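This report introduces a single protein structure to a reader who has not met it before. It covers model confidence, the pocket, a buried residue, a loop residue and the salt bridges.

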Amino acid sequence: EMLRRIQDRLLRFWFISLSDTYHLKEVQQEHNLIVDALRARDPALSEQRMREHIESFRRNIMKSV
């Protein structure tokens, strides 16, 4: 039950954050940077880009709360 509630809440945050066109473009750019690092087979850069993306998501959620 607790995991379902967390997942429901996360889905709401994703929909809220991705409804903003500017933010959606930022997220797409972050994803592109992650894919580029993966294609380069650079694990350190891949990890860094993913952590940056997660932190960006966290900051965006905090603005919405």
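## Confidence of the model

The protein chain has an average pLDDT of 88, and 97% of its residues score at least 70. The structure is a predicted model. Confidence varies among the elements of the chain: the highest mean pLDDT, 93, belongs to H2, and the lowest, 82, to H1.

## The largest pocket

The volume of the largest pocket is about 180 Å³. Two or more residues of its lining come from each of helix H1 (2-18), helix H2 (21-39) and H3.

The residues that line the largest pocket are Trp14, Ser17, Leu18, His23, Val27, Glu30, His31, His53, Ile54, Ser56 and Phe57. Sorted by class, this lining comprises five nonpolar, five polar and one charged residues.

## A buried asparagine in helix H3

Asn60 belongs to helix H3, which spans residues 43-64. Its relative accessibility is 11%, and Asn60 is therefore classed as buried, the limit for that class being under 20%.

Leaving aside residues up to four places away in sequence, Asn60 touches Ser17 and His23. Both of these contact partners, Ser17 and His23, also appear in the lining of the largest pocket.

## An arginine in the loop between H2 and H3

Arg41 is found in the loop that lies between H2 and H3. This residue has a positive phi of about 55°, although it is not a glycine. Most residues other than glycine have a negative phi.

With a relative accessible area of 75%, Arg41 is exposed, because that class begins over 50%.

## Salt bridges

In total, the structure contains seven salt bridges. Side chains of opposite charge can pair when their charged atoms come close. One of the pairs joins the side chains of Arg4 and Glu1, with an N to O distance of 2.6 Å. Of these two residues, Arg4 is partly exposed at a relative accessible area of 43%, whereas Glu1 counts as exposed at 61% relative accessibility. Arg4 and Glu1 also take part in a network of salt bridges that links them with Arg5 and Asp8.

Helix H3 carries further pairs, among them Glu47 and Arg51, whose side chains meet in a salt bridge of 2.8 Å from N to O. Glu47 and Arg51 are separated by about one helical turn because they stand four residues apart in helix H3. Glu47 is partly exposed, with 42% relative accessibility, while Arg51 reaches 55% and counts as exposed.

A salt bridge also connects Arg58 with Glu55, and their closest N and O atoms are 2.6 Å apart. Arg58 and Glu55 both lie in helix H3, at a spacing of three residues, or about one turn of the helix. Arg58 has a relative accessible area of 42% and is partly exposed; Glu55, at 29% relative accessibility, likewise counts as partly exposed.

## Summary

Helix H3 holds the buried residue Asn60, and H3 is among the elements that give two or more residues to the lining of the largest pocket. The pairs Glu47 and Arg51 and Arg58 and Glu55 are salt bridges, while Glu1, Arg4, Arg5 and Asp8 are linked in a network. The loop between H2 and H3 contains Arg41, a residue with a positive phi.

How values were computed: Residues numbered from 1 in each chain as written. Predicted model: local features only at pLDDT ≥ 70, side-chain atom pairs only at ≥ 80, totals over all residues. Heavy atoms only, no water. Buried < 20%, exposed > 50% of the residue type's maximum accessible area, 1.4 Å probe, protein only. Contact = heavy atoms within 4.5 Å. 1 Å grid on protein atoms, 1.4 Å probe; cavity = no way out; pocket = protein on both sides within 12 Å on 5 of 7 lines; lining within 4 Å. Points joined across faces, edges and corners; volume = space filled by probe spheres on them. Nonpolar A, V, L, I, M, F, W, Y, C, P; charged D, E, K, R; others polar. pLDDT = per-residue confidence, 0-100. Salt bridge = Lys/Arg side-chain N within 4 Å of Asp/Glu carboxyl O.
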